[in-house]
Amino acid sequence: MSTVTLGDITHIYNNDGPGDSVVAVEDFSLTVEPGEFVSVVGPSGCGKSTLLYIAGGFIDPTHGVIEVDGQPVNGPGTDRGIIFQEYALFPWMSVLENVTFGLKHVSDDSSEEIEATARRFINRVGLDGHEDKYPKELSGGMKQRVAIARTLAYDPDVLLMDEPFGALDDQTREILQDDLLDICEGTNKSIMFITHDIEEAAYLSDRIVVMSAHPGTNKEIIDVDIDRSIEHDAVFKTDAFLEATSKVRSSVHEEMVIGGHN
């Protein structure tokens, strides 16, 4: 398993005109330990997604370093899997073909072994029996399950997730949250999770990072210590959950006032 380190990250978007530079993230530092689930929350426009793209190697920071196990990140890599809010499935491919697509590019296994791996992860996310369906035949929750299976199939040590459940209805989101926790427990992956949903962050996370208003930096880190072995709805009524969400909500609200979002 891997440690992800973001050290003093600053990112500036330089637009075409003079004086149009935008500081999206400033002096942000965070370490995600092996097997740890860390959520990042904050006001709109604070740079949450920018951070995730930097961690994924899709954007180079203007200043600072991003490392996985002490090795600098210089671009996307199979050690990091990224899951977006948009499902990004190939519409002309079946569920099985979507999941095997990435595997074929990173694995030396035979076609039979690759298909067996894909089917195992399709089953793991609860889509057995749907292997031959196309994205247009799937609900939003099922599409996101395919995206998760596709990423897990090539076994990255790190999962980077950008509001993956944000477009789903409440019931589907709750089911996938529990599925994600089960998957994490079984794989011990390090997870950096971007969300605007404070309850979701508290339910899933070991720690929650609250980012300041634009430009974004880490204002506060809140530890979450809740018993997730009890029923989903019961977790939301525990003192530990209520305390964590209250702290995060208050901290985010302060930044929204500062940033003029209120």
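In helix H1 of this predicted model, the buried residues are Lys-48, Thr-50, Leu-51, Leu-52, Ile-54, Ala-55 and Gly-56. Helix H1 spans residues 48-56, and because seven of its nine residues are buried, this helix is largely enclosed by the rest of the structure. Immediately after H1, Gly-57 adopts a positive phi of about 85 degrees.

The packing of helices H2 and H3 was examined next. Two packed helices are described by the angle between their axes and by the distance between those axes. For helix H2 (residues 95-106) and helix H3 (residues 111-124), the angle is about 125 degrees and the axes lie 9 Å apart. H2 is therefore oblique to H3, since an angle of this kind falls outside the range of 65 to 115 degrees that counts as roughly perpendicular and is not over 145 degrees, where helices count as roughly antiparallel. The crossing of the two helices is right-handed. On the H2 side, the contact is formed by Val-95, Leu-96, Val-99, Thr-100, Leu-103 and Lys-104. Helix H3 contributes Ile-114, Glu-115, Thr-117, Ala-118, Arg-119 and Ile-122. An α-helix has 3.6 residues a turn, so residues three or four places apart point the same way. Classified by residue type, the contact between H2 and H3 comprises seven nonpolar, two polar and three charged residues.

Two individual positions, Cys-184 and Ala-167, were also considered. Cys-184 is located in helix H5. Its relative accessibility is 13%, and Cys-184 therefore counts as buried, the cut-off being under 20%. Beyond residues up to four places away in sequence, Cys-184 touches Phe-37, Lys-189 and Ile-191. Of these contacts, the one with Phe-37 joins residues that are 147 positions apart in sequence, with a C-alpha to C-alpha distance of 8.5 Å.

Ala-167 is situated in the loop that runs between strand S7 (158-162) and helix H5 (170-187). With a relative accessible area of 51%, Ala-167 is classed as exposed, because the cut-off for that class is over 50%. Ala-167 nevertheless touches Gln-85 and Tyr-87, when residues up to four places away in sequence are not counted. Gly-141 is 26 residues from Ala-167 along the chain, and the C-alpha atoms of these two residues are separated by 9.0 Å.

Key:
Residues numbered from 1 in each chain as written. Predicted model: local features only at pLDDT ≥ 70, side-chain atom pairs only at ≥ 80, totals over all residues. Heavy atoms only, no water. Helix = DSSP H or I, 4+ residues; strand = E, 2+ residues; numbered from the N terminus. Buried < 20%, exposed > 50% of the residue type's maximum accessible area, 1.4 Å probe, protein only. Contact = heavy atoms within 4.5 Å. Axes fitted to C-alpha atoms, helices over the stretch in contact; angles between N-to-C directions. Parallel < 35°, antiparallel > 145°, perpendicular 65-115°, else oblique. Left-handed = near helix turned anticlockwise from the far one by under 90°. Nonpolar A, V, L, I, M, F, W, Y, C, P; charged D, E, K, R; others polar.
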